[in-house]
Amino acid sequence: MPKLTEHHNLSQELKQKVSIVHAGLINKGNTCYANSILQALTVLSRLWSQLPSESSLSSLVKSIVLNMSLLNRSRPPIDPSNFLRALQNRMHALNNNAFYHNHQQDVHEILQVVFDEIIGSSPLVDNLLSVTVTTTTSCNSCCFSTSREQKDSILILPTCKSIADSFNKFLQPQELLGDSKWFCPHCSSHQEATIEIQFSNCGDFLVVQLLRYTSVNGSSFKDNKLVNCLPKKHHVLKVASHPTDDVSFNNKYNLVATTNHSGTLKAGHYWAFIKDQQNTWFKCNDRCISQVDTFHLNNSSSYILFFSRS
């Protein structure tokens, strides 16, 4: 039977091996937002296999692909300066000349720019990332209805006690009554109506932003509600999709990463939780990579959630 000191040394060795399975990222000064995004993107491996040859990629996408390859190797923390420079150049090209990569940024805003750039590289990527939401408004009097579709790469959901509740609240029918009556083209008058929302198409990846921030009279407020990000039953999230009137089915998704935020929009810190191919979860906090138990994923700091189709 090994001695206690030998057992302690073995535990320390195993802990060290775990900590270097995935590389960390150097914080270049308020760049934790970029580090959390890059770490979360590493779990979307199918995304990178659909990109065309490197020569046809933009500078921003090239920098992301390079960091993806480096982060999945066992090595000291990586300097993300190439990504930060490319991101700043892209933001300036979008006429956001006030953007500086070493200032506090909103992960959702930056991730949207990153996704737009990646989707622009390949139509195949668009199919992997995008979710299409169909909104139908129906007159309660004559049943006339009109529908519109909206495709997004990031789905914004209300912050509820569980991610399943967030989806249910998002899909809950809305009644247009009183002063909110809908003008029905068929009735040629304002009528009570019902709004129904459905997912008409879901990609292989589902990226969700929890609506933690609201603005009232120019002031922002953060909802620090604890959210159960892992679905209770087998950790599988079922998302109902209705592509036609006759066919409906559930898409099954697994949580594979989250970006988390503490503090306020003007002063705070970002980090990521990611799941590797062995279903082990890691906390990626700039340079520091550590293994964590799944209960850490249910918290009050989760902001962006990344799901992969089962």
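This is a short walk through two pockets, one hairpin and one buried asparagine in a predicted model.

Okay, ground rules. Residues count from 1 along each chain as its sequence is written, and side-chain values use heavy atoms, with hydrogens and water left out. Since it's a predicted model, local features need pLDDT of at least 70 and side-chain atom pairs count only at pLDDT 80 or more, while totals for chains, interfaces and linings use all residues.

Pockets, then. Here a pocket is an open set of points on a 1 Å grid over the protein atoms alone, where a 1.4 Å probe fits, with protein on both sides within 12 Å along at least five of seven lines; lining residues have an atom within 4 Å of a point. The largest has a volume of about 550 Å³, meaning the space filled by probe spheres set on the points, which are joined across faces, edges and corners. Its lining has 23 residues, and T42, V43, K275, D276 and Q277 lie nearest the centre. Helix α3 (45–49) gives the most, three residues. Helices are DSSP runs of H or I, at least four residues, and strands are E runs of at least two, numbered from the N terminus.

The second largest holds about 380 Å³. It's lined by 19 residues, with N168 and L237 among those nearest its centre. Strand β11 is the top contributor there, with five.

Now the hairpin: β14 (281–285) and β15 (288–292) run antiparallel, joined by five bridges; pairing takes at least two DSSP bridges. C284 sits opposite I289, and D286 in the two-residue turn has a positive phi of about 55°.

Last, N67, in helix α4 (59–71). Buried or exposed? Buried, at 0% relative accessible area, where the cut-off is under 20% with a 1.4 Å probe, protein chains only.

Key:
Buried means under 20% relative accessible area, exposed over 50%, partly exposed in between (1.4 Å probe, protein chains only).
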